[in-house]
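Here's a short, friendly tour for anyone meeting this structure for the first time. Have a look at the picture, then read on.

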Amino acid sequence: MNPWTSRLLLLCGAVFLLVAPFVFYPLFLIKFLCFALFACAFNLAMGTAGLLSFGHAAFFGTAAYVAAHSAKVWGWPFELAVLGGGAAAGFLGLIFGVISIRRPGIYFTMITLALAQLVYFLAVQLPFTHSEDGIQSVPRGYLFGLINLTNMYAMYFTTAGIFVIGLAIIYRVVHSPFGSILKAIRENPARATSLGFDADRFKLVAFIISAALSGVAGATKAIAFQFASLSDVHWIISGDVILMALLGGSATIFGPIIGAGLILGLDEFLAESGWPIQPIVGTIFVLCVLLFRRGILGELESRLSVRKS
């Protein structure tokens, strides 16, 4: 992406984060920021490392359960509950990666889906998840023991801060030598291996980082909405996050944010209209694939670069 384009997007994003809660419903914005971070974290695995995982809901949902349980039952403060959820998701990502990372293409995708379904069935059976009832009435607590997160604006700006930190980590990873090696492995794994890089090890590290950040997003959502349920760990969440990344542009860093806003915005609008949500979202996805093969932001970047040349 052109540096000036990146700076413009960052400036627009900063202004939006500051102004948005006074224009839109803050709780919807909190959900958007959580899923935007989730989509960006997923895209670190898919767009940068070339790992199409259909099991990221397991990381999102596991972290939600861990954070909700630790905050409600163990009395952990907000920041420790979120970090605990992210750490649990990262550890689960390590397990998933060790099992599946050596399998190429569709085999990797299907193994991650199978493992995620195993996590889903565990969430149904384990006592602390309370099965279909979920973990309810999760206390938000205080940020660093000072800021009362029951205030909606305090919760929003805390979530916005977590989103910005997570996005900064992803940006740094992608633009580091480590990120360059991941792109080389994605484009030509045989050549990267011949140059002395352990492709599986690099992909495993990227997968763990992606899982941990996905967990942070899930943990933040669980505490912000004071609820963790089976829907957080369902395979549909994995499908939604893939859709967000592809719609926005998997070859870009900021594209999944646009995809998350589009999907959640459609869900919010269509839920009130009474129209069928899934067929309409599916139709929009098909149209975007046909008209914007690189995703919305990726196609815009491509057309701008053609005009400049």
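## An arginine and its partner

Arg102 is exposed, with 60% relative accessible area (exposed means over 50%, buried under 20%, partly exposed in between, using a 1.4 Å probe and protein chains only). Its partner in a salt bridge is Asp200, with the closest N and O atoms 3.1 Å apart (a salt bridge is a side-chain nitrogen of Lys or Arg within 4 Å of a carboxyl oxygen of Asp or Glu). The two sit 98 residues apart, with Arg102 in the loop between helix H4 (78-100) and helix H5 (105-125), and Asp200 in helix H9 (residues 199-225). Helices here are DSSP runs of H or I, at least four residues long, numbered from the N terminus. Asp200 is partly exposed at 21%.

## Where the numbers come from

This is a predicted model: local features need pLDDT of at least 70, side-chain atom pairs count only at pLDDT 80 or more, and totals for chains, interfaces and linings use all residues. Residues are numbered from 1 along each chain as its sequence is written, and side-chain values use heavy atoms, leaving out hydrogens and water.

## More salt bridges

How many salt bridges are there by this rule? The count comes to four. One of them joins Arg186 and Glu187, at 2.9 Å from N to O; Arg186 is partly exposed at 33%, while Glu187 is exposed at 57%. Asp198 and Arg201 also meet in a salt bridge, at 3.7 Å from N to O. Here Asp198 is partly exposed at 35% and Arg201 is exposed at 58%.
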